[in-house]
Structure formats: C-alpha cells, structure tokens
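Please look over the sequence and the model shown here before reading the report.

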Amino acid sequence: MPAPLGTLHELRAELDAGRLSAGELLEASLARIAALDPELHAFLGLRAESARAEAAQADARIRAGAPRSPLEGLPLAHKDILVLAGEPTTCASRILEGFVSPYTSTALARLSRAGAILVGRTNLDEFAMGSSTEHSCAGPTRNPWDRSRTPGGSSGGSAAAVAAGLVPGALGSDTGGSIRQPAAFCGVVGMKPTYGRVSRSGLVAFASSLDQVGVFARTAADAAWLLEAIAGHDPRDSTSLPEPAPRLGAALSGDVSGLVVGLPREYFEAEGADPGTLARVREAVEELERGGAKLREVALPHTRFAVATYYLIATAEASSNLARYDGVRYGRRARAAQSLTDMYRRTRSEGFGAEVKRRILLGTYVLSAGYYDAYYRKAQQVRTLLRRDFEEAFRACDVLATPTAPEPAFALGERAGDPLRMYLSDVYTVSANLAGLPALSLPCGLAGGLPVGLQLLAPPLEEATLLRVADAYQRRTDHHLRRPPE
C-alpha cells in the first residue's frame, strides 16, 4: 500500500531539501489514489497527464532557484464545482453531462499561479445540495474512518481525499457547513472564510449570498497557506471584498493567552446532541483554557430559527440560480421532445436528482406570489437578527467555540429517506453562512472511534484569529496526527 501523503509543511521541507521532486510527489499521490479511491470514491476525475506536465514545470523552476511560493510543486484536489478551463465540471449532476469549462475559476487560477499541481476533481452532493455526499449522480463517497459511513457533505470528496492521505490539501465550497461538517466527520481541518474574502468567480452557484470557497488540510498551518493563496479582491466578483489577501502565517504564534473564547449556551444545550461529541468539545475548550485563554458563556438567542431561515433563503436562491439549466446553451438536452416546453420539462426532470428537485420546488414556492412576504422576506429579517446576535456576542469574546456537528459520521443510507433529519445535520454550521462569518472545524478527539470536530467562529475578516487559536490547540494536542485505519 502506498504511504499516505504528509502535510503541506512536511512535503515543502522534503522538496526544499531535494529529497523529493514535484514529479515524484505527484506519482506518490496518483499511486495512493489508484490504491484507495476505487473503494472511497473521493474523485470524479483525474488530470494525470496535465498534472505531470505541471509537476515537470515546477521541478524546472525549483532547479533554477526561482522564487517559489509555499505551494510550489504540491499536489492538490478541488471540488467538482469549481471550473477549470478545458476540463469537465459536472457538479455531480447528469444535467452537466458533456460540459467542458471555457475558463478557470479565480481560486484555481491562483493556486496554479502559486505553483500548485491540480490533481483532479472530487465528489460532492449534486450542486452542493446535501450533507452526506450521497446525492451524487456518480454514487456516494465513503468515510476513510469507516467505509460504511458518510464523509459528510457536500464537500465529502475533498474531505475524504485529505483524510485518507491521497492529497495534502483540497478546495471545497461551504454554503451551510459543506466544508466544516465533512472536515469534522473525516478528522481534518476545514475552513470557510469571511463572505467575500475569496472570489466566487468560477464557483458554480447554489445560493449566491451564502456560497464561499474554502480549504481542507490536516493542520491549521497548512490551511493558512491555502487560504493565503486564494484570498484577495477579484474584480470579476462583485461581492469580492476590497481587502488584500491576508498574511496569516505570522499569526500562528502558538499563544492564546488573554483571548476570550465564548461558549454559546444554545449550542451546548441543543436537543439530541451526542454526549460523546459534547464531551470532546468541552475537553477541547478546557485545553484552550489551560493554554491561557479565558472561557465565557454567551447567548445567541435566535439560534433556534437558524436552520429554518437557512433552508428558506438557500432554496429560494437555488431555484433562481438553477433556472439556467434548460438544455439550450450547454449540458444535457432531452431528445425527441414534442415542443420547447416539453424539452425544458424533460431535460430538467431527467437531469436533476431528487434532492435538487426538492430544493427547487421549495425555493420556487417561497418566492411565489402570496408567499414571498410570509417566507422569504421574513427569513431575511430573521437573518438580520442572527447577525446581530453574533455582533453582540463578539463584544464579549474574541472567538466562539462550538461543536461542528451534533454527532459523528452517520451511516450511509441512514437519512436518505428523511430530508428533515438530514437538514438538521447542519444545525451548528448554517449560522456562520447566514452572518457571513469566518468559521473553522478542527479535530478534537474521537467518539465511538469516529472523529469529532471543534468549530471556531470569529468576527468578519478575523481569519488570522481563528487560525491562531486552531494552531495553538494543535500544538498542545495530537488529534490531527491520527489517521484512519488502512
């Protein structure tokens, strides 16, 4: 069995010392994928030959002594919802069969400019709509810790690929927890930055006011490298913030002395939360306290409305965004249709899966005449209340600490027939998207032999504070060093 790949920092040291070339590292990644991915199904497609050419170019730059970024020559994966010129983008949906992107997303372009090697596209819930990576037209991804369980969703392929050591880092997208929940289930670091910190140009839209590109890695230090590479203003995205890319490495001091960590009582008192999960999270915040942080209980009183608010806003925006998939301009088109209207109907009926159809129907309903004010407008008003809750809480603390998910990874198929129970998997994560906050999940132990995630949230643009706390915790513990069984 090929060995799992190390962290980005470990591999950077090997490349810099000349003990490993970018080409050799890529081949190690491809060999590991070939050995494990037939069972895990983390990838939807590889670009081996293109990646080999990129690795050869990276090796030439390294030999020439050219200035290099931290990511030079390192293999990375990306969720198949970020477009790459000349490559398929499927969003794990039949409706995009045959589509090849004419341009590259800003996030992937910035990785390429940093010298990273793009290995392939990872699996996801169709159009990022799901919490288990079971709603994929190509079939589910399996959790490396237990092949009978979900890796989480919707970015389950990226999380599983990093957890299994197929690649040292990956990109995903997070609309309501789609990076953080899979990171928790797979025992890796997953980070969603502030809304607008990373360009959404080339990210296929699900819910435009909630979507955000983010990163997966094994350590907070690795996540800092990835986020630095992709962040910063982009004129191609009207929601992109004007602030320059943050310099995050200097924040990783290992010291949390004096920082105040808020503990939202609503998150720790939620009905149905797994006792083992809560115990690991409490142990984690106690470890931060031993490191010099101060703990303070805070209140987020509108938390109980977060899931309902999210699923009104997200489905409404999805209904609007997915209207463009009509079989006319690109992707799948139903044949032998009797009329233009029949072609639209058959194309969308055949092309979309059940979960996407469910969300389109919900979103269309809440936007319809007579219901807009009662549902969509009301949800936007509650969204404002949720954001104000966080503003008030951050007057008393620097970061918030919560569980990432109410329990460890659940079994594949366990919730496939119960959408409401599936939606409640996101109960701890959706609020950060509604408020536009940066949020991070990192491993904090095991419950029942499965990883548990600690979620950290900070005020807008405070990614450095999140990473500082996460890095300090990882210096004091070894949970991030644990790997799934081979």
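The report below treats a sheet, one of its strands and a pair of helices.

This is a predicted model, in which local features need pLDDT of at least 70, side-chain atom pairs count only at pLDDT 80 or more, and totals for chains, interfaces and linings use all residues. Residues are numbered from 1 along each chain as its sequence is written, and side-chain values use heavy atoms, with hydrogens and water left out.

An open sheet of 11 strands, with mixed pairing, follows the order E1-E3-E2-E4-E6-E5-E10-E11-E9-E7-E8. Strands (E, at least two residues) and helices (H or I, at least four) are DSSP runs numbered from the N terminus, and two strands pair if DSSP finds at least two bridges between them. The edge strands, E1 (43-46) and E8 (294-298), each pair on one side only.

Strand E6 (residues 213-217) has these two partners:

| Partner of E6 | Sense | Bridges | Bridge partners |
|---|---|---|---|
| E5 (residues 189-192) | antiparallel | 3 | methionine 191 and valine 215 |
| E4 (residues 169-173) | antiparallel | 5 | leucine 171 and valine 215 |

In E6, 5 of 5 residues are buried, meaning under 20% relative accessible area with a 1.4 Å probe, protein chains only. Val213, Val215 and Ala217 point one way from E6, whereas Gly214 and Phe216 point the other way.

The axes of helix H2 (residues 22-40) and helix H3 (residues 48-63), which are lines fitted to C-alpha atoms over the stretch in contact, come within 8 Å and cross at roughly 155°. H2 and H3 are therefore roughly antiparallel, a term for angles over 145 degrees between N-to-C directions, on a scale from 0 to 180 degrees. Their contact (heavy atoms within 4.5 Å) includes Leu26 and Leu30 of H2 and Ala51 and Arg52 of H3.

Notes
Parallel < 35°, antiparallel > 145°, perpendicular 65-115°, else oblique. Buried < 20%, exposed > 50% of the residue type's maximum accessible area, 1.4 Å probe, protein only.
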